[in-house]
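The following exercises concern a metal site, the pockets and a few backbone features. Please study the sequence and the model before reading each solution.

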Amino acid sequence: MYFMKDIVRDGDPVLRKVAQDVKFPLSDEDKALAANMMEYLVKSQDEEYAEKHQLRAGVGLAAPQVGVSEMMAAVLVPNEEDPDKPLLKITLINPVIVRNSVQRAALSEGEGCLSVDKDVPGFVPRADRITIKYDDFEGNSQTLRVKGYPAIVCQHEIDHLNGHLYYDKINKKEPFTLDPSTVVIS
Ligand SMILES: Cc1nc(NNC(=O)[C@H](CC2CCCC2)CN(O)CO)c(F)c(N2CCN3CCOC[C@@H]3C2)n1
Ligand code: NI
């Protein structure tokens, strides 16, 4: 399990590196890494546990954020209607975005990051629909097509694996100006 003390903060060079490909068969360390990252997300979404252990809630977590410069990220996007059936629960290994829609989307509340303690206000424009090629735990190549909120989360995590942080994408001069065709997701 990870706690906030284990989360690497902005300024640490590991957050600005392109991470290394994960090798197969998965080492025991990589299996534990995947399990611990997903466990953090599950526990951080458990209000009582998160409160008790002062965890910042998360719907995604990338390996560089726990100091491991490898191409692995956990995503757990809950379904507000039915908490037992998340919209997306997946470990992305060696993910590559192979298709981006022209249509843009942004979260209406902007974004935050467990590795960025300051609040950076503004819209983070991203693709509304993406196709991701990634490896599963057995090393088989898989394809995932996501749209809207889950797609935003996946893009935020895959950015981490390539050394990008969300505020890199905020318009410095006009942080709340969006291309009018951008879908705003609440
Ligand atoms: C949108 C949101 N971002 C939360 N935090 N930030 C994160 O997840 C960062 C990654 C997200 C920032 C924007 C896109 C990806 C972590 N990152 O830095 C990883 O790289 C939330 F916590 C959150 N939710 C909604 C669902 N709720 C279910 C019940 O539990 C509370 C939880 C709160 N929604
Ligand atoms: Ni982040």
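Why are His156 and His160 separated by about one helical turn? They are 4 residues apart in helix α3 (residues 149-161), and therefore about one helical turn lies between them. Helices here are DSSP runs of H or I with at least four residues, strands are runs of E with at least two, and both are numbered from the N terminus.

This is a predicted model, in which local features need pLDDT of at least 70, side-chain atom pairs count only at pLDDT 80 or more, and totals for chains, interfaces and linings use all residues. Residues are numbered from 1 along each chain as its sequence is written, chains are lettered from A and ligands numbered from 1 in the order in which they are written, and side-chain values use heavy atoms, with hydrogens and water left out.

**Exercise 1. Describe the coordination of the nickel ion (ligand 2).**

Step 1. Identify the protein donors. Donors are N, O and S atoms within 2.8 Å of the metal (3.2 Å for Na, K and Ca); water is not among the atoms, so sites may look incomplete. The protein contributes SG of Cys113 and NE2 of both His156 and His160, at 2.1 to 2.4 Å from the nickel ion (ligand 2).

Step 2. Place the donors along the chain. Their spacing is C-x42-H-x3-H. Cys113 belongs to the loop between β4 (104-107) and β5 (126-127).

Step 3. Classify the geometry. Four donors count as tetrahedral if all angles lie between 85 and 135 degrees; four count as square planar and six as octahedral if opposite donors are over 155 degrees apart and all others between 65 and 115; anything else is irregular. The ideal angles are 109.5 degrees for four tetrahedral donors, and 90 or 180 degrees for six octahedral ones. The nickel ion (ligand 2) has 6 donor atoms with angles of 28 to 149° among them, and its site is irregular.

Step 4. Assess burial. Buried means under 20% relative accessible area, exposed over 50%, and partly exposed in between (1.4 Å probe, protein chains only). Cys113 counts as buried because its relative accessible area is 2%. His156 is likewise buried at 10% relative accessibility, and His160 is buried at 1%.

**Exercise 2. Relate the UniProt annotations to the model, starting with the residues of the feature "binding site".**

Step 1. Read the record. The unreviewed UniProt entry gives "binding site" at Cys113, His156 and His160. These positions span 48 residues of sequence, yet they cluster in space, with a largest C-alpha distance of 10.1 Å. Cys113, His156 and His160 are also in the lining of the largest pocket.

Step 2. Turn to the other feature. The unreviewed UniProt entry assigns "active site" to Glu157, a residue of helix α3. Glu157 is buried because its relative accessible area is 3%. UniProt positions follow the numbering used here, feature names are shortened, and annotations may be inferred rather than shown by experiment.

**Exercise 3. Characterise the largest pocket and the second largest pocket.**

Step 1. Fix the terms. On a 1 Å grid over the protein atoms alone, a pocket is an open set of points where a 1.4 Å probe fits, with protein on both sides within 12 Å along at least five of seven lines; lining residues have an atom within 4 Å of a point.

Step 2. Examine the largest pocket. It holds about 440 Å³ of space. Its lining has 20 residues, and those closest to its centre are Ala57, Gly58, Val59, Gly60 and Gly112. Helix α3 supplies the largest share of this lining, 6 residues.

Step 3. Examine the second largest pocket. Its volume is about 190 Å³. Its lining includes Val42, Gln45, Asp46 and Leu76.

**Exercise 4. Which backbone features occur at Pro25, Gln54 and Asn94?**

Step 1. Inspect the peptide bond. The bond from Phe24 to Pro25 is cis, with omega near -5°, and Pro25 sits in the segment before α1 (28-44).

Step 2. Inspect phi. Gln54, not a glycine, has a positive phi of about 50°; Gln54 is in the loop between α2 (47-53) and β1 (60-62). Asn94, also a residue other than glycine, has a positive phi near 50°, and Asn94 lies in strand β3 (residues 88-100).

Step 3. Buried or exposed: which applies to Gln54, and which to Asn94? Gln54 is exposed because its relative accessible area is 56%, whereas Asn94 is buried at 12%.

Methods
Grid points are joined across faces, edges and corners, and a volume is the space filled by probe spheres set on the points.
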